[in-house]
Amino acid sequence: MLRWVVCLLPEKIAINFGRRVGRLIYKLSRKYRLRTIANLRMCYPEWEEKKIIETTLKVFEHFGKNAVRFLRTPKLSKQQILDSVEIFDESVLIEQLKKNKGLIVITAHLGNWERMAHYGALKGYNISVVARDIDAERAHMLVNNTREGGGIKVLSKGSAVKDIIKALQRNEMIALLADQNSWDLYVPFFGFPAGTVAGPAVLHLRTGAPIVFAFNIEKENGKYQCFFEKLELNHLSDNREENIKHIMTEVNKVIEKYVRKYPEQWLWMHDRWRSARQQGLIDV
């Protein structure tokens with residue numbers, strides 16, 4: 001029903017509606033509002049309280065707009081999606097794909113990662129995204145159908161290892177969201193130990209596929225700019241566990257760098273340090 005409504009509305013009105021929905025959730029969801037504020041206080045101790053509250057509201061507005069844009073995706077023409085991204089310097093992608101080992105693309109819940117994937121698929125890249133299944137069946141079908149309708153393959157997180165390796169062997173891209181809480185290992189993020197996934201490092205060590213970061217940032221005019229950056233790895237040893245920790249430490253550094261540039265576009269309402277807190281590694 002919500003998709004039907006936002007698809008009927010003109011684009012500017014629909015996006016403004018999404019912003020207002022974000023504001024409403026900010027007011028109604030005490031849990032996520034307080035989590036966002038607490039995370040920002042922890043990571044930006046130098047900020048005044050006014051800036052923290054203003055940024056919190058912008059975060060909710062941003063994800064309200066993102067939700068509406070995602071729901072409206074089937075309504076958009078291919079040209080409209082292509083026109084929504086103003087800068088897409090794909091030279092890094094092209095260079096790394098020449099190695100013929102596939103490409104591990106790491107992104108985060110920053111900017112609009114869904115639009116970036118649809119854009120890349122329309123540009124002719126074979127992209128598979130690894131995503132956690134949504135518990136609500138109808139919501140799960142809606143999200144996956146929207147992704148697949150844009151030419152993206154969806155692989156279920158936790159049961160996708162064979163499919164991922166086959167895709168890399170076909171020199172395709174595997175997109176991973178690597179910025180959420182995990183119990184795999186603990187490496188710094190914003191100066192605090194954070195439970196971090198090991199998957200990207202394990203895949204790289206097993207297949208030799210290069211790792212590239214991709215972030216699709218919303219500009220002031222509502223269009224997007226994609227940033228790509230190759231992960232430079234040095235000092236790998238013969239110790240597999242040390243290598244995994246080193247790789248994921250470097251991954252967190254790059255993600256943090258972009259989050260610091262665009263804090264109002266990252267998912268601060270997620271409890272990124274939950275497992276570290278439960279393990280007694282941090283007390284904030």
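## Cysteines

In this predicted model, C7 has a relative accessibility of 17%, so this residue counts as buried. C226 goes the same way: at 3% relative accessibility, C226 is buried because the cut-off is under 20%.

What about disulfides? A disulfide is a covalent bond between the sulfur atoms of two cysteines. The count here comes to zero disulfides, going by sulfur atoms within 2.5 Å.

## Aromatic pairs

Searching the whole structure turns up 16 aromatic pairs. One of them is Y26 with F60: the ring centres are 5.6 Å apart and the planes sit at 75 degrees, so this pair is edge-to-face. Y26 belongs to helix α2 (residues 11-28) and F60 to helix α4 (residues 49-71), so to speak of a link between distant parts of the chain is fair, with 34 residues separating the two. Both Y26 and F60 are buried.

F227 and Y262 make another aromatic pair, this one tilted, with 6.3 Å centre to centre and 35 degrees between the planes. Here, too, distant parts of the chain are linked: F227 lies in strand β9 (residues 224-230), while Y262 lies in the loop between α11 (240-261) and α12 (274-278), 35 residues apart.

## A ring cluster and two charges

Ring pairs also join Y44, W47, F189, F190, W266, W268 and W273 into a cluster. One member, F189, has company from an arginine: the charged end of R272 sits over the F189 ring, 5.2 Å from its centre.

Y26, already met in its pair with F60, has a charge over its ring as well: the charged end of R33 is 5.9 Å from the ring centre.

Technical notes: Residues numbered from 1 in each chain as written. Predicted model: local features only at pLDDT ≥ 70, side-chain atom pairs only at ≥ 80, totals over all residues. Heavy atoms only, no water. Buried < 20%, exposed > 50% of the residue type's maximum accessible area, 1.4 Å probe, protein only. Phe/Tyr/Trp six-rings, centres within 6.5 Å; stacked < 30°, edge-to-face > 60°. Helix = DSSP H or I, 4+ residues; strand = E, 2+ residues; numbered from the N terminus. Lys NZ or Arg CZ within 6 Å of the ring centre and 35° of its normal.
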